[in-house]
Amino acid sequence: MKVRVKKFMRQDEYVTCIKDINPASDHHYLILPNKHINTAKDLQPADIKLYDKIIGCVQLVMQKQGFDINSTRTGFHWPPFNTVNHLHLHLISPVENMSIVKRMVFKLNTPWFVSTDYVRSRLQKKDT
């Protein structure tokens, strides 16, 4: 997948973090694995280490930006409610500055937007 961006927030051999072009709040980043995976639903047990790298990037960006964990939302759009077929984790802060519409689009634990814990639990179930 080719992505045109002026500046990467963070990039290493596993993940890339970029600013969302349609931000839901003051800070809205996408953390993408460099390896192509269609959606969070397509993650396999063999991808757990990569998934941990994605989650680790969240912590690094939050620390760098000084985000308050209580005012930050992370999650994945869940098929068929995704519009981009390349796995990406949304990191949004502060949630208090999201519009009503964006709060619905990025509402956790809905059929269209799921938490990182939900995705991890599905990965662990696949592994058993």
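The following exchange goes through the predicted model and asks what stands behind several of the labels given to it.

User: What makes the protein count as compact, given its radius of gyration?

Analyst: The radius of gyration of the protein is 14 Å, and the globule rule gives 14 Å for 128 residues, so the protein is as compact as a globular protein of that length. Along its principal axes the C-alpha trace spans about 40 × 30 × 25 Å. The protein has 3 helices and 6 strands, which run from the N terminus in the order β-β-β-α-β-β-α-β-α. Among contacts between residues at least 6 apart in sequence, 63% join residues at least 24 apart, and buried residues make up 44% of the 128 residues.

User: Which residues touch the most other members of the largest nonpolar core, and which elements give two or more residues to this core?

Analyst: The largest nonpolar core has 24 residues, of which I31, F76, L91 and V119 touch the most other members. Two or more residues come from each of β2 (15-19), β3 (27-33), α1 (48-65), β5 (89-93) and α3 (116-127), and α1 gives the most, with 7 residues. Another core, of 6 residues, lies apart from it, and includes A24, I92, V95 and F113. In soluble globular proteins, nonpolar side chains tend to be buried together.

User: What is I31 in contact with, once its neighbours within four places in sequence are left aside?

Analyst: With those neighbours left aside, the contacts of I31 are V15, T16, C17, I54, C57, V58, L87, H88, L89 and L91.

User: Why is the pair of Y29 and F67 called stacked?

Analyst: Stacked requires planes under 30 degrees apart and centres within 6.5 Å; the rings of Y29 and F67 have 25° between their planes and lie 6.3 Å centre to centre, so the pair meets both conditions. The pair links distant parts of the chain, since Y29 is in strand β3 and F67 is in the loop between α1 and β4 (73-77), 38 residues apart. Both Y29 and F67 are buried.

User: And why is the pair of W78 and Y118 called edge-to-face?

Analyst: The planes of W78 and Y118 stand at 80° and the ring centres are 5.4 Å apart; edge-to-face applies to planes over 60 degrees apart with centres within 6.5 Å, so the pair is edge-to-face. This pair also links distant parts of the chain, with W78 in the loop between β4 and β5 and Y118 in helix α3, 40 residues apart. By the rule for aromatic pairs, the count comes to 5.

User: How do you know whether W78 and Y118 are buried or partly exposed?

Analyst: The cut-off for buried is under 20% relative accessible area, and partly exposed lies between that and over 50%. W78, at 8%, therefore counts as buried, whereas Y118, at 34%, counts as partly exposed.

User: Why is S25 called buried, and what is it in contact with?

Analyst: S25 has 9% relative accessibility, which is under 20%, so it counts as buried. S25 sits in the loop between β2 and β3, and, with its neighbours within four places left aside, it is in contact with I92, S93, P94, N97 and M98. A polar atom of the S25 side chain lies 2.5 Å from the backbone oxygen of P94. P94 itself is in the loop between β5 and α2 (100-105), and the peptide bond from S93 to P94 is cis, with omega near -10°.

User: What makes S115 buried and N109 exposed?

Analyst: S115 is at 13% relative accessibility, under the 20% cut-off, so it counts as buried; N109 is at 57%, over the 50% cut-off, so it counts as exposed. S115 lies in the loop between β6 (113-114) and α3, and N109 in the loop between α2 and β6. With neighbours within four places left aside, S115 is in contact with T74, L108 and N109, and a polar atom of its side chain lies 3.0 Å from the backbone nitrogen of Y118. N109 has a positive phi of about 60° although it is not a glycine.

Notes:
Residues are numbered from 1 along each chain as its sequence is written. This is a predicted model: local features need pLDDT of at least 70, side-chain atom pairs count only at pLDDT 80 or more; totals for chains, interfaces and linings use all residues. Side-chain values use heavy atoms; hydrogens and water are left out. A nonpolar core is a set of buried Ala, Val, Leu, Ile, Met, Phe, Trp, Tyr and Cys residues joined through side-chain atoms within 4.5 Å. Buried means under 20% relative accessible area, exposed over 50%, partly exposed in between (1.4 Å probe, protein chains only). Helices (H or I, at least four residues) and strands (E, at least two) are DSSP runs, numbered from the N terminus. Contact means heavy atoms within 4.5 Å. Rings of Phe, Tyr and Trp (its six-membered ring) pair if their centres lie within 6.5 Å; planes under 30 degrees apart count as stacked, over 60 as edge-to-face and the rest as tilted. A polar contact is a pair of N or O atoms within 3.5 Å; within protein, one must be able to donate a hydrogen and the other to accept it, and residues adjacent in sequence count only if both atoms are side-chain atoms. The radius of gyration is taken over C-alpha atoms; the globule rule is 2.2 Å times the number of residues to the power 0.38.
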